[in-house]
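Open the model in a viewer and keep the selection panel at hand. The stops below go from one chain to its parts, then to the partner chain and the contact between the two.

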Number of protein chains: 2
Amino acid sequence: MTSGIYGRFLQVKAMTTALSASSDPDRRALLERIAGGLLADADAIFEANRTDLENAASLPAPVRARLKFSREKLDASIASIREVAALPDPIGRVLYREKLDEGLLLEKISVPIGVIGMVFEARPDALLQIASLCLKSGNCLILKGGSEAINTNRALVESIRRSCAGSFATPGWIELLETHDDVAQMLKAQGVIDLIIPRGSNRFVRYVMENTLIPVLGHADGLCSMYVDAAADTDLAVACALDAKTNYPSACNSIENLLVHRAVAGEFLPKMATAFAAAGVEIRGDEAVQAIIDCKPATDADWDTEYLDLIISIKTVDSTDEAIDFISKHTSHHTDAIITRDPVARAAFMRKVDSASVFANCSTRFADGYRYGLGAEVGISTSKIHARGPVGLEGLMTTKYLLCGSGQVAATYMGSGARAFEHINLGAGGESVNLGGEKS
Amino acid sequence: MTSGIYGRFLQVKAMTTALSASSDPDRRALLERIAGGLLADADAIFEANRTDLENAASLPAPVRARLKFSREKLDASIASIREVAALPDPIGRVLYREKLDEGLLLEKISVPIGVIGMVFEARPDALLQIASLCLKSGNCLILKGGSEAINTNRALVESIRRSCAGSFATPGWIELLETHDDVAQMLKAQGVIDLIIPRGSNRFVRYVMENTLIPVLGHADGLCSMYVDAAADTDLAVACALDAKTNYPSACNSIENLLVHRAVAGEFLPKMATAFAAAGVEIRGDEAVQAIIDCKPATDADWDTEYLDLIISIKTVDSTDEAIDFISKHTSHHTDAIITRDPVARAAFMRKVDSASVFANCSTRFADGYRYGLGAEVGISTSKIHARGPVGLEGLMTTKYLLCGSGQVAATYMGSGARAFEHINLGAGGESVNLGGEKS
């Protein structure tokens with residue numbers, strides 16, 4: 001029922017004040033309790049996961065591998081929850097403080113966004129990562145996992161909710177949805193859900209982006225490229241390109257296009273072809289590439305195809321600028337890399353390529369919240385608005401201006417004889433002065 | 001023609017690299033040249049404005065007052081352009097720097113968003129404010145002003161483009177649209193326009209928000225409230241409420257609802273009623289208010305009405321929490337204020353009210369980019385995503401991750417025998433190390 005699910009959304013929204021006003025010690029303690037609860041509930045969780053795996057018997061092995069929630073994954077998830085718990089409090093940070101006039105102090109502080117709507121793939125460990133980031137940042141969470149994981153997700157959310165009983169987060173700061181219709185209702189809940197973070201297939205993410213008025217954070221495509229410059233160390237280039245293609249071919253930060261400067265193509269391509277052949281990678285090349293190594297011809301469509309598989313298209317270029325132009329036409333603005341020893345080419349590439357992450361002399365696979373040191377991530381954004389690249393706690397925060405005066409009115413600062421503002425920047429950090437009266 | 005206007009959008013987008021790669025001295029110099037050019041073109045601009053004013057002869061006086069572009073407004077605009085020019089460079093700020101491992105350095109830097117689509121009311125000085133903020137922040141601009149100002153806007157943009165001739169910003173980083181159909185095409189230009197900032201009537205802004213997949217920054221409604229607490233200085237409360245209602249009744253940061261704690265209603269309301277009567281403000285009160293002062297009865301609809309006029313609805317409450325609850329139901333999350341001498345009530349109000357700006361003991365009219373010391377503003381956002389409250393240069397920036405390595409691959413950091421990341425935070429600020437090779 002529409003009204004039923006909308007009522008549940010409103011109940012979650014009603015928890016936003018309790019979450020945003022909670023103290024960091026309380027949120028840390030609750031995350032610890034959740035971690036302990038998951039350990040205590042391990043058997044029930046594993047049993048639910050076995051049911052999901054049995055139901056998924058006919059699905060491809062990689063899907064089943066992601067779905068499987070093993071003891072190792074539980075231990076890693078619990079370690080991750082404790083790491084998130086220990087992160088500095090993201091709420092109430094004073095981003096800047098400005099004296100507008102005598103007795104008129106402005107502060108900009110960080111506050112939770114409110115209600116996050118999350119849709120994610122059938123990966124139970126992702127649920128725990130997302131839930132811990134939301135709770136640490138004082139956000140309420142409405143989430144829907146891939147339906148293959150339905151029993152595991154239920155067991156996880158039930159365990160989390162049991163651990164929350166009696167705390168500041170009671171009842172229901174977290175709500176699990178289970179059907180496609182629930183998701184459709186979620187997309188219509190503007191004014192209740194503040195931000196939607198979709199993960200999953202390109203098609204699904206694009207569907208979400210095109211069917212809601214709620215702001216969406218994430219990425220549909222991960223079409224990443226690597227450019228091997230004229231001044232590249234070609235052995236280093238082979239190692240980086242091989243990792244970027246084969247370390248996890250279905251990941252969004254794997255490369256699909258490889259560009260190589262004509263000046264090093266003769267040296268680089270035979271070594272690269274040998275390495276790719278050993279890893280089972282199919283090469284599709286332009287004419288110049290075909291003249292140097294044995295490969296299939298690349299079609300125009302190849303340059304825009306996210307294979308998510310052991311296939312790569314290779315193109316030769318005559319300059320760094322040509323590589324940058326090519327990337328600007330074909331990138332999904334996720335992650336693009338240059339391999340070069342020339343600092344000028346490197347800087348030009350890093351400045352001009354308009355992607356969330358721009359790399360030099362390393363694999364594109366580092367584009368990831370954990371590897372960036374964010375603790376964990378809720379997703380990777382290719383939008384330029386709000387948060388870009390891997391999104392950790394910071395992307396779950398918004399800001400609020402606090403202004404405390406002593407009776408000031410705007411008329412004083414207008415017209416002839418207007419009083420001037422002082423506008424003295426008093427820096428950032430420390431406790432909020434404007435919240436000073438509070439006993440927390 | 002659709003293809004014609006879309007082609008113009010693409011031409012603007014083609015300028016984004018030149019704008020984002022430009023140096024701050026170049027942008028400052030160009031802003032100075034634009035300021036000088038406007039002075040030189042003053043007569044042509046004033047003549048165009050006279051034509052607009054003649055065509056607008058039948059429009060209401062406030063509309064004509066905003067439309068009029070006088071010598072004083074030109075001088076103020078030029079001073080504002082020079083202030084914006086002198087602001088610190090917003091591009092390339094290192095927001096943080098983290099050593100992931102030996103020879104693997106991550107930086108997060110600020111970069112322009114790209115192409116801003118701006119729709120604004122018939123106020124020629126707004127065009128200059130918006131254009132100078134966009135140029136200073138390295139963003140391209142497609143803009144459409146209220147059609148009453150069409151001749152003035154043309155003259156202003158022609159002057160700006162003349163000043164840009166031969167600079168890094170040639171041709172067309174700024175493009176003026178003139179028809180409603182152009183705006184409709186703008187709303188469909190996802191992938192080309194990165195952010196739309198609409199200003200104008202509530203209905204128009206809501207239309208924009210509901211008819212584009214491009215992120216939108218702004219506010220449709222400005223339903224602001226002021227709460228006079230039991231511990232208020234009632235004289236101070238009268239002064240603040242009077243200013244917040246009457247200083248500029250049609251502004252988004254003026255109040256529509258006034259709440260008063262029952263304990264001070266008897267002392268406060270008669271003074272307030274006298275002040276409002278002298279200013280020509282009509283009062284609509286709940287039953288308790290009607291028992292104390294002479295006023296019209298407020299209906300349920302009044303609490304959700306943005307009058308934009310000399311009308312106020314007044315309600316009594318029994319506690320700070322009741323005031324907070326009432327505000328949470330009726331606010332448009334723009335600006336809400338408390339008047340109190342009690343620091344605990346103040347802190348509770350400031351923490352719990354979920355609005356872009358939350359004030360204590362001053363008029364809501366201070367919610368404004370200039371008054372906040374942002375230099376100028378492109379608008380005020382009630383969205384929680386990206387930028388919230390008055391939006392100056394900072395809201396026109398996004399970020400980019402730069403990672404420079406020395407051949408690192410992800411496989412090294414995975415599985416058994418995995419190398420550990422160092423994740424050492426190296427702070428913020430200074431020149432980007434990863435862009436270090438660049439000669440700028």
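Begin with chain A as a whole: of its contacts with a separation of 6 or more, 71% are between residues 24 or more positions apart. The model is predicted, so treat every value here as computed from it. Chain A has 440 residues, and 55% of them count as buried. Colour by secondary structure, and 15 helices and 17 strands of chain A appear. Along the principal axes, its C-alpha atoms fill a box of roughly 75 × 70 × 35 Å.

**Domains of chain A**

Select residues 2-90, 111-217 and 388-396 of chain A together; the domain assignment calls this set domain 1. Then select residues 224-368, which the assignment gives as domain 2. Taken over C-alpha atoms, the centres of domain 1 and domain 2 of chain A are 36 Å apart. How many residues of domain 1 of chain A are in contact with domain 2? There are 5, and they touch 6 residues of domain 2. By class, the domain 1 side of this contact has 2 nonpolar, 2 polar and 1 charged residues.

**A covered strand in chain A**

Next, select strand β5(A), residues 174-177. Ile174(A) and Leu176(A) lie on one side of the strand, Glu175(A) and Leu177(A) on the other. Are these four residues buried or exposed? All are buried, and both faces of β5(A) are covered. Add strand β4(A), residues 140-144, which runs parallel to β5(A) and is joined to it by 4 bridges. One pair to label is Leu143(A) with its bridge partner in β5(A), Leu176(A). To follow the connection, show helix α8(A), residues 150-164: the chain passes from β4(A) through this helix to β5(A) in a right-handed β-α-β crossover.

**An enclosed strand in chain B**

Move to chain B and select strand β11(B), residues 311-317. Why is β11(B) largely enclosed by the rest of the structure? Because 6 of its 7 residues are buried. Two parallel pairings can be shown here. Strand β8(B), residues 255-261, pairs with β11(B) over 5 bridges, and Val260(B) stands opposite Thr316(B). Strand β9(B), residues 282-285, pairs with β11(B) over 4 bridges, and Ile283(B) stands opposite Ile312(B).

**A helix residue in chain B**

Now go to helix α9(B), residues 180-187, and pick Ala184(B). This residue is partly exposed, because 13 other C-beta atoms lie within 10 Å. Draw a distance from Ala184(B) to Asp321(B): their C-alpha atoms are separated by 44 Å, and the two residues are 137 apart along the chain.

**Between the chains**

Finally, show both chains. 68 residues of chain A are in contact with 68 residues of chain B. Elements giving two or more residues to the chain A side include β1 (94-101), β2 (104-112), α10 (202-210) and α11 (234-246). Which element gives the largest share of that side? β16(A) does, with 11 residues. The residues on the chain A side divide into 34 nonpolar, 20 polar and 14 charged.

Keep β16(A) selected and add strand β13(B), residues 357-362: the two pair in the parallel sense over 5 bridges. For a last label, choose Gln408(A), which stands opposite Cys362(B) in β13(B).

Terms used
Residues are numbered from 1 along each chain as its sequence is written. Chains are lettered from A and ligands numbered from 1 in the order in which they are written. This is a predicted model: local features need pLDDT of at least 70, side-chain atom pairs count only at pLDDT 80 or more; totals for chains, interfaces and linings use all residues. Two residues are in contact if their C-beta atoms, placed from the backbone, lie within 7 Å. Ala, Val, Leu, Ile, Met, Phe, Trp, Tyr, Cys and Pro count as nonpolar, Asp, Glu, Lys and Arg as charged, and the others, Gly among them, as polar. Two strands pair if DSSP finds at least two bridges between them. Domain bounds come from an automatic or database domain assignment. A residue is buried if 20 or more other C-beta atoms lie within 10 Å of its own, exposed if 12 or fewer, and partly exposed in between; C-beta atoms are placed from the backbone. A crossover is right-handed if, with the strands pointing away from the viewer, the path from the first strand over the helix to the second runs clockwise.
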